[in-house]
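Colleague: I'm new to this one, so could you take me slowly through one helix pair and how the two helices pack? A few words on the surroundings would help too.

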Amino acid sequence: MRRLQRNLSVFQQTKILLWKNVLIKWRMKMQSFQEWMLSLLFLPLMFIVSNFMMYIPYPEVPRSHLGQLDDPAYNATGVTIAFTPVTAATRHIMNTVASKSVMTGIKLEALETERALEEAWILNQEIIGVVFKNNFSYHLRFSAENVVFPNENLEYIDTCYNYSEHYCESPKYWYQGFLSLQSSIDAAIIEVVTNHSVWEEMRTIAGVRAKSRSVISSITLEYIYFMITIVMCFSSFMYFLSVNVVREKKKLKVLMKLMGLHDMAFWLSWSLLYAIYVLVLSCLLTALVVQESFYTSSFSAILLLFFLYGLACVHLVFMLCSLLRTSKLVGSLGFLITFLFGCLSLSVLIENLPEPLKWFLSLFCPFAFNVGIAKIFSLERYGIGFSFSNIMEESYFLLSTYIILTFDSVLYMLLAIYFDKVLQGKYGIPAPPLFCLKPSYWMRSRRGFPGEGHRGAGSLEEPPGDDVEPVPLEFRGKEAIRLHNIKKTYKKKDKKTEALRGLSLNIYEGQITALLGHSGAGKTTLLNVLSGLTLPSEGSATIYDYKLSEIGDREEIREMVGVCPQFDTQFEVLTVKENLQTFAEIKGIKSKEVEQEVQNILELLDISSVQDTQAEKLSGGQKRKLSIGIAMLGNPQVLLLDEPTAGLDPLSRHQVWSLLKEHRDGRVILFSTQFMDEADILADRKAFISRGRLKCVGSSLFLKNKWGIGYHLRIHVSDSCDVENVTSLVKQYIPSVMLLGHGQYELRYKLPLENVNKFPDLFRGLDSCSDLGIINYGVSMTTLEDVFLRLEEAAVDQEDKCVPGERAEGGARSPEEMESGSLLLSDTGRVTVSCWALWRQQVSTMAWVRLLKLKSSVKNLLSIPVQMSIWSN
Ligand SMILES: Nc1ncnc2c1ncn2[C@@H]1O[C@H](COP(=O)(O)OP(=O)(O)OP(=O)(O)O)[C@@H](O)[C@H]1O
């Protein structure tokens with residue numbers, strides 16, 4: 001066995017997969033083109049949105065005279081002013097205000113604390129509060145509806161309903177008494193401190209509203225369009241990424257994992273490729289927004305914000321891919337999350353959200369990103385802009401946006417790896433929810449490789465019985481795979497399928513073992529258990545004493561096993577050679593040996609001529625050969641092949657047989673097949689499985705003897721032959737002969753096994769009676785196919801006895817049944833419905849199919865909380 005590089009680092013595997021991803025992207029030019037076209041569409045869209053205001057004719061609010069401070073129409077009269085704290089100075093100031101201000105009929109209330117002031121306000125909401133910080137500075141506390149509502153994003157921007165001056169917000173300060181009170185307190189302080197009265201000057205203060213275009217409705221609208229558009233800028237990447245990742249994850253990732261792929265490498269390779277995509281698009285977007293909207297901000301600071309957001313979106317897709325099974329679901333949910341949380345983030349434009357809620361919502365990257373964008377808008381209004389130079393001062397908030405987006409990215413990635421490990425896919429063994437707390441996960445067992453002095457410690461004996469042929473002495477102690485009472489039950493709602501029902505078997509090093517059985521017997525399930533694609537429901541299985549049930553041991557097993565699954569697994573757009581190179585490197589074959597190993601496999605399987613053909617363009621047989629080649633990379637110690645020659649032409653089958661025979665010494669080869677001749681020629685040991693149980697195991701000779709049907713005699717005869725005469729002749733030598741049937745020119749007899757010694761006399765007799773019309777004859781031994789049919793018959797009989805009146809699913813049917821079944825088929829191939837009815841039928845059928853698919857998608861979505869609740873229990 002070729003010694004593979006153990007513990008190939010995540011970095012090395014990522015590099016291999018990244019290169020593969022780049023190749024795939026390059027080959028799928030059409031998809032890449034669409035992806036980029038859709039992404040680049042955002043540039044003109046952003047341009048239009050950024051200039052949106054220029055296309056909407058918003059009327060201006062004109063400059064207007066509000067009035068004079070001593071005009072009683074604009075002055076609050078008879079108000080209650082509560083002030084705090086109460087000192088001699090504050091009391092003096094407030095008394096001066098009450099006696100000299102333009103405001104008339106003021107009632108003063110002195111309160112000890114600000115808290116008392118708030119409580120008084122709850123009882124009487126007409127109260128205006130004055131909170132002195134010292135003798136010269138104070139806060140005015142007005143009811144929210146009497147002043148402009150403060151907002152960190154929109155402060156200093158006037159809000160005017162209907163653009164009419166009367167409905168603007170800022171004059172509230174004038175009309176609701178804020179300015180008169182402020183001026184009065186200022187005048188009182190000046191008088192108290194300087195002993196100089198300014199009350200007369202104060203009366204002449206006039207209010208003027210400046211001409212402006214800034215109205216909240218239009219500004220908010222502009223922001224809303226901008227923020228919703230920009231938050232969706234990576235949507236097209238998200239969609240195409242989900243399609244690629246889900247497709248690869250479904251089939252190829254399982255196979256790559258069987259070869260020792262680190263989860264992290266798989267995700268990182270996609271992440272790195274898309275990081276480049278995100279970077280390019282971020283540069284273009286930044287160039288645009290810096291030009292059109294964020295004039296004073298720096299290019300690099302905005303670029304980093306876009307980049308971190310793009311990366312978080314990519315990792316969000318990874319997390320969804322781990323949770324959901326179809327790319328449509330992932331794409332739709334990704335879009336929904338981006339849109340919903342993008343919209344939700346608009347709330348920061350209007351409300352000051354509580355900090356904990358803001359932090360929580362920031363766990364969703366679109367929200368965190370848009371909060372950052374809103375903050376940049378607010379900085380832009382001050383003319384400060386966002387840059388690295390002011391990140392610790394004015395833009396410190398943006399620093400937290402960077403940190404949150406990075407945190408989100410890492411969190412999504414870790415969750416993607418976690419869900420990928422613990423959620424049950426079609427293939428693969430889910431890890432327990434707390435797998436990372438188990439020491440076996442972190443510590444790999446080191447019991448040495450086969451051939452390092454390790455051999456069969458604590459071996460289980462081959463299950464005894466008449467149906468199991470003892471192995472020759474030289475194989476004793478060479479048990480490489482031990483299966484003990486393996487059961488596998490698939491449960492779906494109330495339906496239970498027992499694929500394996502307590503199967504015990506030893507498989508030996510140096511032998512080729514075939515698994516035979518009817519369709520649905522459990523061969524694939526058994527190979528899946530051994531490959532680590534599924535866990536048995538009961539029983540134990542070991543490969544060279546490494547237990548399949550232990551996570552740590554499974555890692556060791558992966559290094560010595562080569563698997564060819566029933567389905568073909570290749571990267572469709574990569575060529576045969578590139579596929580082999582990729583898998584060879586993932587397996588850990590040293591880089592400088594990869595080329596030689598790939599050439600070797602290409603030659604051994606005779607596929608050198610198609611080495612530069614993309615896998616999707618190969619014939620079924622060529623794809624199968626490639627699958628075998630992938631399994632044989634690195635010359636693994638144990639080869640598990642599920643129907644390796646299905647779809648191969650006779651010549652290719654013989655090539656594969658020779659190849660496997662050449663590799664038999666010192667290795668374990670286990671394969672399943674439907675072809676009895678293949679098992680007969682290739683396998684040293686055949687294991688018949690029927691309905692999940694081992695029926696018998698041994699060499700061809702053992703099986704034929706055990707289930708001995710004897711020999712078949714075929715006599716070719718002429719037209720003049722009389723069947724009776726020939727049969728009597730044969731009976732003279734072998735009385736128990738049985739006529740199986742006859743055609744016009746052929747008679748078929750069954751000769752019992754125990755009469756072999758009489759065969760020479762029989763042959764002599766047949767030779768001497770050519771006058772009976774005998775042209776020639778031949779004898780053939782029982783084939784493995786006969787054994788198979790016999791075993792199946794016996795299994796059906798047994799099943800019938802066990803469950804009267806009930807036949808197991810997938811069981812063999814009698815010829816009579818088959819005949820009656822065939823009557824169900826239409827006797828002609830004619831279409832029996834009219835054109836219009838056929839169209840209706842097809843439409844309703846397709847609609848039904850769509851509905852079923854939708855149902856399965858919904859089920860998939862709903863299964864997530866169920867899985868979660870199972871863990872929590
Ligand atoms: N994922 C699954 N869920 C439910 N039942 C399954 C699943 N996989 C296999 N089965 C059932 O388990 C039984 C054994 O299937 P298996 O694929 O192991 O048979 P097989 O001997 O390999 O058949 P074939 O030669 O046709 O591939 C069948 O009845 C099958 O329907």
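Modeller: The crossing of α11 and α15 is right-handed; that term applies when the near helix is turned clockwise from the far one by less than a right angle, and anticlockwise would be left-handed. Keep in mind that this is a predicted model, where local features need pLDDT of at least 70, side-chain atom pairs count only at pLDDT 80 or more, and totals for chains, interfaces and linings use all residues. Residues are numbered from 1 along each chain as its sequence is written.

Helix α11 is residues 235-250 and helix α15 is residues 327-344. Helices here are DSSP runs of H or I with at least four residues, strands are E runs of at least two, and both are numbered from the N terminus. The two axes come within 8 Å and cross at roughly 150°. That makes α11 roughly antiparallel to α15, since angles over 145 degrees get that label, under 35 is roughly parallel, 65 to 115 roughly perpendicular and the rest oblique. The axes are lines fitted to C-alpha atoms over the stretch in contact, with angles from 0 to 180 degrees between N-to-C directions.

So who touches whom? From α11 it's Ser235, Met238, Tyr239, Ser242, Val243, Val246 and Arg247, and they meet Ser327, Val330, Gly331, Gly334, Phe335 and Thr338 of α15. Contact means C-beta atoms, placed from the backbone, within 7 Å. By class, that contact has 6 nonpolar, 6 polar and 1 charged residues; Gly counts as polar here, while Met and Tyr are among the nonpolar ones and Arg is charged.

Now for the surroundings. An unreviewed UniProt entry annotates several transmembrane regions, including residues 223-246 and 333-353, though such annotations may be inferred rather than shown by experiment. In the model, residues 223-246 are 88% helix and 0% strand, with end C-alpha atoms 35 Å apart. Another annotated stretch is 301-321, which is 100% helix, its end C-alpha atoms 31 Å apart.

Away from the pair, a few backbone details are worth a look. Thr84 and Pro85 are joined by a cis peptide bond, with omega about -10°, and Pro85 sits in the loop between β2 (80-84) and α5 (88-100). Asn195, in the loop between α8 (178-194) and α9, has a positive phi near 60°. Asn485 also has a positive phi, near 50°, but its place is in strand β7 (residues 479-492).

How values were computed:
Two residues are in contact if their C-beta atoms, placed from the backbone, lie within 7 Å.
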